[in-house]
Amino acid sequence: MTNVNASTSSRLSALTPSKVCNACKTRKPLGHFHRKSESKDGFQGRCKACHKARQRDWVNSSAPSRQTIGEIQLSTEQREKMYIDVIRRMALTGIMSTTTANEALKRVMS
Ligand SMILES: [Zn+2]
């Protein structure tokens, strides 16, 4: 009888759509990946955790080289962090689609 539970759970996990993150090489349920309409399977190659980590690294490493943007009083780094945070929140709450958010992020980082 204990086998019933085991086979049910393995069948469930086989049915749960998942993919391997190409950054941390871990198999995760699709809920751990951002959607990406241009991609073959409809999801980004990196999981949300890796995506976030990479974005943070990117901002930290690139911010010091970008000192002058307009007449905004905040430092470039502060401004980018605020902007990225807002975009990310909008994407997470569904106000902004992930695609739009990514485009906006690309624009602010370019
Ligand atoms: Zn990952």
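Q: Is Lys 106 buried or exposed in this predicted model?
A: The model is predicted. Count the neighbours: Lys 106 has 9 other C-beta atoms within 10 Å. A residue with 12 or fewer is classed as exposed. Lys 106 is therefore exposed.

Q: Which helix holds Lys 106, and how far is Lys 106 from Ile 84 in space?
A: Lys 106 is found in helix H4. In sequence, Lys 106 and Ile 84 are 22 residues apart. In space, C-alpha to C-alpha, their separation is 10.0 Å.

Q: How are helices H3 and H4 oriented to each other?
A: H3 spans residues 76–93 and H4 spans residues 98–109. Their axes are 9 Å apart, and the packing angle is about 175 degrees. Angles over 145 degrees count as roughly antiparallel, so H3 is roughly antiparallel to H4.

Q: Among the residues of the contact of H3 with H4, how many are nonpolar?
A: H3 contributes Glu 80, Tyr 83, Ile 84, Ile 87, Met 90 and Ala 91. H4 contributes Thr 98, Ala 101, Ala 104, Leu 105 and Val 108. Of these residues, 1 is polar and 1 is charged, and the nonpolar ones number 9.

Q: What span does H3 reach from its first C-alpha to its last?
A: H3 has 18 residues. At 1.5 Å a residue, the expected span is 26 Å. The model comes close to that, with H3 reaching 26 Å.

Q: Where do the buried residues of H3 lie around its axis?
A: The buried residues of H3 are Glu 80, Ile 87 and Ala 91. They cover an arc of only 40 degrees around the axis. An α-helix has 3.6 residues a turn, so residues three or four places apart point the same way. The three buried residues are on the same side of H3.

Q: Which exposed residues does H3 carry on the face turned away from its buried side?
A: The buried side holds Glu 80, Ile 87 and Ala 91. Now look at the face turned away from that side. Its exposed residues are Gln 78, Met 82, Asp 85, Arg 89 and Thr 93.

Q: Which residue follows H3 with a positive phi?
A: Look just past the end of H3. The phi there is positive, near 85 degrees. The residue is Gly 94.

Q: What pattern does the protein follow along the sequence?
A: The protein has 4 helices and 4 strands. Buried residues make up 9% of its 110 residues. Read along the sequence, the pattern is α-β-β-β-β-α-α-α.

Definitions and conventions: Residues numbered from 1 in each chain as written. Predicted model: local features only at pLDDT ≥ 70, side-chain atom pairs only at ≥ 80, totals over all residues. Axes fitted to C-alpha atoms, helices over the stretch in contact; angles between N-to-C directions. Helix = DSSP H or I, 4+ residues; strand = E, 2+ residues; numbered from the N terminus. Parallel < 35°, antiparallel > 145°, perpendicular 65-115°, else oblique. Contact = placed C-beta atoms within 7 Å. Nonpolar A, V, L, I, M, F, W, Y, C, P; charged D, E, K, R; others polar. Buried ≥ 20, exposed ≤ 12 C-beta atoms within 10 Å, placed from the backbone. Expected span 1.5 Å × (residues − 1). Arc of directions from axis to C-beta.
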